[in-house]
Amino acid sequence: MLPRILPAFALAVPLVFSSASAHAETADTQATSRIFDHLRNDPARLTVFLRGFPKGGDLHNHLAGAIPAESFLDWAGQDGLCVSLAQGRILPTKCRLATPGDMPASQLRTRQDARELMIDSLSMHDFVPTPADRSGHDHFFSTFGRFAPVLSAHQGAMLAQARDQAAADHVVYLELMISPALGSMVKAGDQHPLHDLDLDAAHEALHDERPRLVAEARHETDEMEHQARDILQCDTPAAHPGCAVTVRYLFQAIRTMTPPEVFAQLDAGYALAHEDPRFVGLNFVAPEDDAVAMADYALHMQMFAKLGALYPDVRLSLHAGELTPALVPVTGLQSHIRDAVEIAGADRIGHGVDITWEKDAVRLLGEMAQRRVAVEINLTSNDQILGVSGAAHPMGLYRRAHVPVVLSTDDEGVSRSNLTEAYVRALSTAPLTYADLKTISRNSLTYAFIPGTSLWDGDHVITLCKAPQSFACADFLKKSPKARLQLQLEQNFAAFENTVSHEPLFL
C-alpha cells in the first residue's frame, strides 16, 4: 500500500536529503525512477503509482467548481429545493408540482434516470454534443448557474470536501479561489459609477464602504472554515485526512460585470488580501472570451496595475490566454498574457493556452522565464473547454522555454477529474521523466503564494540548512511557512520512494 500523506510538519523531524542538492538522488529515488520508466506504458499500474505520488500544491482550484454534482443534488434535497428536469438546474424554491418536469430534489434518490440527467447537466459527465447543447465550452460554463442555488448554504461542506479530495491526491497545500461578500461588493460598485474611468476617484469613493466589505468577507470566511472544521472533525481522534492540508485563498473577481462592479470587487479584494493572511492573492474568473471580458480587458489590466501599486504586498494570479482562434478573432489572441504580465504585474498565469498566438511569443516566453512567472496548467479543462490536448497543448513549449509550470485541477467537480488525472494527462502531453514530475510538484510550492523564504536557493538547499540539524536551520524553518511545506513535501517523497522501490506490485 502506498503511504498516506504525512502528518503536519514538526521541527523535530530531520531533513530527508543528505547533501546540499535539492535533487540529490538516493538509492530509493533511483529505483523509483527506473520503476516509473517501466510503468509509463502500463496504464493501470501507472495510475496507482501516480495516485500515491506526492503532488505538493494545487494552485488553480475554484471551490464552487471543485464539488461533484451528486453533492449539490443531495444538498438540494436536504434543503427541500426543487429541480427542473426540463432546464437541467436546481431551482431556488420549493416545487410547483403543476410545472411539467419539476420534482423535489429529494426524490432523485429513487429516480435514477432523472438523477443521471441532472448529473449530466451539472457537470461534464457523459457530455456529448447535441444540436441544443453543441459546445463543451458553453456546457462547462453553464453548469455554475445551474447549481448556484445551493452554494451559499453549503460553503463549509464544500471546503471540507475540497480538503479531503486534496488529501486523497497527496496534496499538502491548496489555494482555493472564492468570492466572499461578492453581492455586497457588486452593490457598492453600482452605487459608485466609474466616471471617466477615473480609477483614483473610484478608489476614494469606496473609502467609507471598504472596511465593511472586508469585514463581511472575513466573517463569511470564518463561518465557512468553522463549518468545515466541524465536518472534518479536526483536532479529534476521528479527524479526516483533509485536516492536514494547508489551505489559503485567492479572492476571485467576476470579470464579466460592469466596470464599476468589477472595480469594487477588486478594490475590496485587494484590501481583504492586505488585511487577512488567509487571502494570499487575487484572481479573475468567468469566460475570457465573453464579449464584456474581451472589450474591457485593457481596462481591467489597468485596474490591477492601479490597485497593485496601492497594495504591493498582494500577489496576483490571472486567468489569461484561455482562448483559441475558434473562440475569438486572431486579433483577440495577441496580448492577453503579455498584458497580464507586463501591465497587471501577474506573478502567475492561469491557463496560458494561446501563447503561440501572442505577438512576439518568443520574447514573451523569455520574459516569463526570466521573471519566473509560473503557468498553471489545467489539462482536463483545456481539453473539455477549448479542445486543446496532447501534443497540441503548449505545456511542452513553456517547459522548453524554461518557464516554470505547475499542474492544477481548475474545476475538478465539474470536470469529473482530479490532480492525479492531471499528472496522467501530462505524460501524454510532454515526454516527462520521474525527475520532471518531481520538479513540477516542487514548483507548486515554490510558486505558491504562501509566505516565507523558499527552502531552495535555485537547485540547492539554502546555506542555513546545509547543516539540517543546526539551530540556524530550525530557526529559519520556524519563520517560513513556505519552507516548512517544502520540507513536508520532501519527507513525502522519501516515504513514497521507499515504499515504491520495495513494492512487489511495481517490480
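Buried means under 20% relative accessible area, exposed means over 50%, and partly exposed lies in between (1.4 Å probe, protein chains only). This is a predicted model: local features need pLDDT of at least 70, side-chain atom pairs count only at pLDDT 80 or more, and totals for chains, interfaces and linings use all residues. Residues are numbered from 1 along each chain as its sequence is written, and side-chain values use heavy atoms, without hydrogens and water.

**Exercise 1.** Classify the ring pair of Phe72 and Trp75.

*Solution.* Start with the rule. Rings of Phe, Tyr and Trp (its six-membered ring) pair if their centres lie within 6.5 Å; planes under 30 degrees apart are stacked, over 60 edge-to-face, the rest tilted. The whole structure holds 17 aromatic pairs. For Phe72 and Trp75, the centres are 5.9 Å apart and the planes meet at 75°, so the pair is edge-to-face. Next, accessibility. Phe72 has 0%, so Phe72 is buried. Trp75 is buried too, at 8%.

**Exercise 2.** Classify the pair of Phe140 and Phe141, then the burial of each residue.

*Solution.* The centre-to-centre distance of Phe140 and Phe141 is 5.5 Å, with 75° between the planes: edge-to-face. Phe140 has 1% relative accessibility, so Phe140 is buried. Phe141 has 23%, so Phe141 is partly exposed.

**Exercise 3.** Find a charge over the ring of Phe449 and one over the face of Phe493.

*Solution.* Apply the test: NZ of Lys or CZ of Arg within 6 Å of the ring centre and within 35 degrees of the ring normal. The charged end of Arg348 sits over Phe449, 4.0 Å from the ring centre. Lys438 lies over Phe493, at 4.8 Å from the ring centre. Phe493 also belongs to a cluster linked by ring pairs, with members including Phe36, Tyr423 and Phe506.
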